[in-house]
There are 2 protein chains.
Amino acid sequence: MSTARHYKIGLLGCGTVGQGLVELVNRNRGLIRERSGIELSFTKILVRDLAKKRPGVDRNLLTIQPDHVINNGCDVVVELVGGLEPARSFIQRALSGRKHVVTANKALLAADGFALLNKAVSQRVQFGFEASVCAGIPIIRALQSGLVGNSIRSLTGILNGTCNYILTRMADAGMPFVDALREAQGKGFAEADPTLDVDGYDAAQKLKILAEIAWGGRIALETVQIEGIRNITLDDVDSARKLGYAVKQVAHAEFNDGGVSLSVHPALLPMAHPLASVRDENNAVQVKGDAVGEMFFHGKGAGSLPSASAVLSDIVDIASHKRSLTRISARAVPVAGADLPYQRYLRFPVGEPSAIGKITSALERQGIGVDRAAAIWAKTSSEQSQVKFVTQSCQADTLRAALSMVSTLGLLQGDYVALRLAA
Amino acid sequence: MSTARHYKIGLLGCGTVGQGLVELVNRNRGLIRERSGIELSFTKILVRDLAKKRPGVDRNLLTIQPDHVINNGCDVVVELVGGLEPARSFIQRALSGRKHVVTANKALLAADGFALLNKAVSQRVQFGFEASVCAGIPIIRALQSGLVGNSIRSLTGILNGTCNYILTRMADAGMPFVDALREAQGKGFAEADPTLDVDGYDAAQKLKILAEIAWGGRIALETVQIEGIRNITLDDVDSARKLGYAVKQVAHAEFNDGGVSLSVHPALLPMAHPLASVRDENNAVQVKGDAVGEMFFHGKGAGSLPSASAVLSDIVDIASHKRSLTRISARAVPVAGADLPYQRYLRFPVGEPSAIGKITSALERQGIGVDRAAAIWAKTSSEQSQVKFVTQSCQADTLRAALSMVSTLGLLQGDYVALRLAA
């Protein structure tokens, strides 16, 4: 074995992931040296509060001056501060100084990834962001390298651990939405602002990052159709299970008719679907490629060490010159207006069973077939009566027209819910 | 986008995977150029029979002279001839001429991977072999790069598509072993010599390749304990399902007490185990790492385009200077003698129900607890009576002693079957 080459990390931020990185580098330093010939060390670590306890972190490395990290002889700057500012400025200064950069910052990447990547390209330095999506699951590598010879047909993922945890707890423990959310917050993997999780923005940011790599161009975050999971009730989860489905928050991008359609939405997945059995805060991605067919990746999508594992893989690859510059073309990826037909699960809060006939007729007038006899009528614990249908396949446009018609009937005592029976 | 760099492939062998590679390069050439800046082309293609029809392959590229491929200005030599010779000599000549090499040849890698890798290192050229295990699933990349910061605890996989196809057909269609094997051969994914599949050698070769990367040293193929699936009957598969398990051929490597234990064996997996739902000829690998926890990869493990996808990913990575030299140390990985306790499923062919009590007593005398009341007694279609038990956890050594004791009782009318209730 040849002698190891020293490689120095300047670390910005020492929160959950930062401390995980320090722990992992210290624990597996010998292993990494054996595997890659690289001997890793930290130059400086930026923190906000020097006095805070950080077990396993050498206090002599801490600084509150960003420049002591960025301009201090490190080989790579690792940004784990999170958020847009000052993370963006830190990265720009690092790139200006021709430092390689590794980040786990999905919000920043979703907002400014293209500009930062471009700057890295023009500075001829590397920019790694494996940790920004699905933590330790090497899905960005898979798209950039393992599947590089494939035309990607679709990406379908469970990209938000909080939503998946909530929906798992609702299904398995019969726990109401708000209690499950509180539990996720207590366990520390919900975003500081949980609306980013439950309203689908977090998953949309990650989907955009993956889709830009898969289809090699820019995609505006606004083109992702987003629907949250707040309206999903225990009753929906239970009805879905009785029908043979699991309710999941799905992020889906699909190439059709020369364009990509992107959405984040709750959906009913058949139990045999690989994403249906993804539990708790785990993440998973199904990729369909023209050569490999269906490929499935599953693992922990968040957490200190899983995220640190991804950050570390970028550092080692950059140190080993294993990465070439990621190319995302300046062209926008065409966005498809494809309105594909799906079966739907519909739930309407109504006052009395007689509503079944009236709603069915309204749907049928719009050409949406419903098995009237299979309609599920139930008084839920909140004393609100509900009627539920599974429709035949219909397009979203048709459904929208039909639902607005139903809304005018004067029968609804609250908001309806409409969910796809497919990813 | 900068102008593309031309990169020339010399192809040895134009069978299933070779033709897939030609098809894929021709189909996705533009996509690959956009993603990587590399413009791929073929210089020459070695075949045995120039006259054979190969749809989509330019006849002007064909040659029956290996040297016309290896020494003809190509940048990378792709070996898809298979088998030990002449594939090994071809690769050695290519490496001697300082050509990069990509191969899908698991048999050659299992036999001589270390010597070939070493030669590539000393010649300072690249040696890619992603296609040798699990075809299009980028599992070798995952171990070399995505999980590089992890100490690997275990690798558990379904690595042989033929065995998994056979066991799937037995479970789902009630098809006897021999018919299911014949079907797999008809579909073209069984090895030419199916004993390599059903007796576990193919999976053992792949497990050795993965384990050498995971634990960074040499592992002798002979250290893999191998058990085939020939003795598994429809009755076993059916009993397992009734108990809540799926019978799978599992390849398992685990690090314990400073060493790795490796085995290929049929096992009963609880239905909730991720490998239990791997169907047909698909492959999957579960990796446990100290940082990422459990990670799961699933996809097509064989076939023309999935394998070509993996070959192509190596070519593009090498062309983009994305790969550094794979390092496998000359040291042998310590092999553990760990004899971990597992529950077992036992089946004994016996003449009469009274055997239950005698066998149970014999097992209990060796300290292997059995729920006598739960023993399953059945006369199978072959008119052979069988008694089946699930034991409490016991070590292999204890079990071996107990089974040899049972053999001396004069009750058995054929071979017994003993399977783990875990991967």
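**Asking how the labels were earned**

Modeller: Chain A has 13 helices and 16 strands; these are DSSP runs numbered from the N terminus, helices being H or I with at least four residues and strands E with at least two. This is a predicted model, where local features need pLDDT of at least 70, side-chain atom pairs count only at pLDDT 80 or more, and totals for chains, interfaces and linings use all residues. Residues are numbered from 1 along each chain as its sequence is written, chains are lettered from A and ligands numbered from 1 in the order in which they are written, and side-chain values use heavy atoms, with hydrogens and water left out.

Colleague: How do you know that the radius of gyration of chain A agrees with a compact globule?

Modeller: The rule for a globule, with the radius taken over C-alpha atoms, is 2.2 Å times the number of residues to the power 0.38. For 423 residues that gives a value near 22 Å, and chain A has 24 Å, so the two agree. The C-alpha trace spans about 80 × 45 × 35 Å along the principal axes of chain A.

Colleague: Why is B:Cys134 called buried?

Modeller: Buried means under 20% relative accessible area, exposed over 50%, and partly exposed in between, with a 1.4 Å probe and protein chains only. B:Cys134 has 1% relative accessibility, so B:Cys134 counts as buried. Buried residues make up 58% of the 423 residues in chain A.

Colleague: And what makes B:Arg124 exposed?

Modeller: B:Arg124 is exposed because its relative accessible area is 63%. B:Arg124 sits in the loop between helix H4 (106-123) and strand S6 (127-128) of chain B.

Colleague: What is phi in B:Arg124, and what is phi in B:Cys134?

Modeller: Phi is about 55 degrees in B:Arg124 and near 60 degrees in B:Cys134. Both values are positive in residues other than glycine. Most residues other than glycine have a negative phi. B:Cys134 lies in the loop between S6 and helix H5 (139-146) of chain B.

Colleague: What makes a set of residues a nonpolar core?

Modeller: Such a core is a set of buried Ala, Val, Leu, Ile, Met, Phe, Trp, Tyr and Cys residues joined through side-chain atoms within 4.5 Å. The largest one has 106 residues, and A:Ile139 and B:Ile139 have the most contacts inside it. Leaving aside residues up to four places away in sequence, B:Ile139 touches B:Cys134, B:Leu210 and B:Phe297, among others; contact means heavy atoms within 4.5 Å.
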